[in-house]
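Load the model in your viewer and keep a selection box ready. The stops below each begin with something to select.

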Amino acid sequence: MRTPLYNEHVALNAKIVDFHGWELPIQYTSIISEHEATRSSAGLFDVSHMGEILVEGKGALEAMDSLLTNDITRPLAGKAIYSPMCYDNGGTVDDLIVYKISDEKLFVVVNASNADKDYEWISSHIGSRVCVTNLSSQYAQLALQGPKATEILSSLTDYDLSAMKPFTFAENVKIAGVDAFISRTGYTGEDGFEIYITGNIEENAPYVWRRILEKDGVVPVGLGARDTLRFESCLPLYGQELSADISPVMAGLTRFININGREFIGKDAIADQLENSPAKKLIALEPVMKGIPREGCEVIVGDTVVGYVTSGSVCPTLQGMRALALVDSRYADENEEFSIIIRGKALVCKKTQMPFYKRKK
């Protein structure tokens, strides 16, 4: 599958890879340079492969709330709410963002690899009560991230972007003359905006893409730097830090769980983990010797395998290596030193704090 921006990526000589069936750019110049540009100025991402689902009708808010660990009934309309969505056993169906247009209209953005699965899950559980529509093919999505994102995007719209607070959105905003739905969230640890374009996406999305890239200080960014950016900020990636076997409690996402006075799928399992500690916990590790930890590498204490690396990479901003690892809880709580097995050799690491990088506000 290809996004409406595929030809733009080819024209920029991007290296194209298969990502869950999508032909997407992994890099244009280099992962490091694109990463650094996003941290220091602004990066433009094609995230049109993400899934969009509309939930609407009387009772839509309560129906969707029954699927999520986070309480979406409290925030006012105009808010974007992040939440995991769980199975009965507490494992994670997906993590997503709900845009609360009104109590009867919710715009739900899900991970690309889970779009069809999420649509089926939501439809099978609340589709008899409200209307659930998969709009993924009707939207293109661009993300502009970095400290200069507001300045750059403001030059293409009359809308006062500086007045938008984090995790809010606005409808019917013209970006370079094109109608768009915009939000201020992000997946890089930086300030930034998402631009959702519908209608004639084959023409409008490339046009907006090119207009943004005409501005000084912005570069196109591929999947490679998108991953290092989110990793430095310790933002979870579904399939690595979250999965059907990894609950949001295990992943350390307790701030997005509200069990008081509400019911949702997986509540009993989640409540038990909150009270008694989950079997496994996500920890952050910093190597004290040279070596690059990678996803899937075993984590040991002494001679005992206690877990595995969920994500590992160089952190360009920090100029060092880091890893996220899911380990048995008793080892997570009682030990400060671990080793990661890389090609049969032990890479000694110390436990460190999350996130690795936090932007200055």
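Which residues of α6 are buried? Select residues 201–213, the 13 residues of helix α6. Its buried residues are Ile 201, Ala 205, Pro 206, Val 208, Trp 209 and Ile 212. Look down the axis of α6: these buried residues fall within an arc of 160°, so they line one face of the helix. A length check is also possible here. The end C-alpha atoms of α6 are 18 Å apart, in agreement with the 18 Å expected at 1.5 Å a residue. Bear in mind throughout that this is a predicted model.

**The largest core**

Next, select Tyr 99, Phe 107, Phe 181, Tyr 196, Leu 324 and Phe 356. These residues have the most contacts inside the largest nonpolar core, which has 35 residues. Now colour the elements that give two or more residues to this core: β5 (80–86), β6 (92–102), β7 (105–110), α7 (223–232), β14 (280–287) and β17 (320–328). A second, separate core of 30 residues can be marked in another colour; Ala 14, Val 173, Ile 175 and Ile 197 are among its members.

Return to Tyr 99 and display its contacts, leaving out residues up to four places away in sequence. Among the residues that Tyr 99 touches are Lys 79, Ala 80, Phe 107, Val 109, Phe 169, Phe 181, Glu 194 and Tyr 196.

**Strands β5, β6, β7, β4 and β8**

Select β6 by itself. Ten of the eleven residues of β6 are buried, so this strand is largely enclosed by the rest of the structure. Add β5, which runs antiparallel to β6 and is joined to it by seven bridges. As a reference point in this pair, take Ile 81, which stands opposite Val 98 in β6. The hairpin of β5 and β6 has five residues between the strands, and Gly 90 there takes a positive phi near 90°.

On to β7, which also pairs with β6 in the antiparallel sense, over five bridges. Here the hairpin has two residues between the strands. Ile 97 has Val 109 in β7 as its bridge partner.

Now select residues 51–56, strand β4. Five of its six residues are buried, so β4 is largely enclosed by the rest of the structure. β4 pairs with β7 in the antiparallel sense over six bridges, and it is joined by four bridges to strand β8 (residues 131–134), again antiparallel. Centre the view on Ile 53 to see both pairings. Its bridge partner in β7 is Val 108, while in β8 Ile 53 stands opposite Asn 134. When inspecting these strands, recall that in a regular strand the side chains alternate between the two faces of the sheet.

**Helix α7**

How many of the ten residues of α7 are buried? Select 223–232, the range of α7; nine of its ten residues are buried, and the helix is mostly covered. The buried set includes charged-type names such as Arg 226, Arg 230 and Glu 232, alongside Leu 223, Leu 229 and Phe 231. Asp 227 is also in this helix. It is partly exposed, with a relative accessible area of 31%. Draw a distance from Asp 227 to Tyr 187: the two are 40 residues apart in sequence and 9.0 Å apart in space, C-alpha to C-alpha. Just after α7, Cys 234 takes a positive phi of about 55°.

**Cysteines**

From Cys 234, move to Cys 315. Their sulfurs are 7.7 Å apart, and Cys 234 holds the cysteine sulfur closest to that of Cys 315, but this is too far for a bond, given a cut-off of 2.5 Å. Cys 315 counts as buried, at 0% relative accessibility. Then select Cys 297, which also counts as buried, at 13% relative accessibility. The closest cysteine sulfur to that of Cys 297 is in Cys 349, 10.0 Å away and too far for a bond. The disulfide count comes to zero.

**Last stop: Gly 291**

Where is Gly 291 found? Select the loop between β14 and β15 (298–301), and Gly 291 is there. At 24% relative accessibility, Gly 291 counts as partly exposed. Not counting residues up to four places away in sequence, Gly 291 touches Met 321, Ile 342 and Leu 347. Of these, Ile 342 is 51 residues from Gly 291 in sequence, with 7.9 Å between their C-alpha atoms.

Notes. Residues are numbered from 1 along each chain as its sequence is written. This is a predicted model: local features need pLDDT of at least 70, side-chain atom pairs count only at pLDDT 80 or more; totals for chains, interfaces and linings use all residues. Side-chain values use heavy atoms; hydrogens and water are left out. A nonpolar core is a set of buried Ala, Val, Leu, Ile, Met, Phe, Trp, Tyr and Cys residues joined through side-chain atoms within 4.5 Å. Buried means under 20% relative accessible area, exposed over 50%, partly exposed in between (1.4 Å probe, protein chains only). Contact means heavy atoms within 4.5 Å. The expected span of a helix is 1.5 Å times one less than its number of residues. The arc is that of the directions from the helix axis to the C-beta atoms. Two strands pair if DSSP finds at least two bridges between them.
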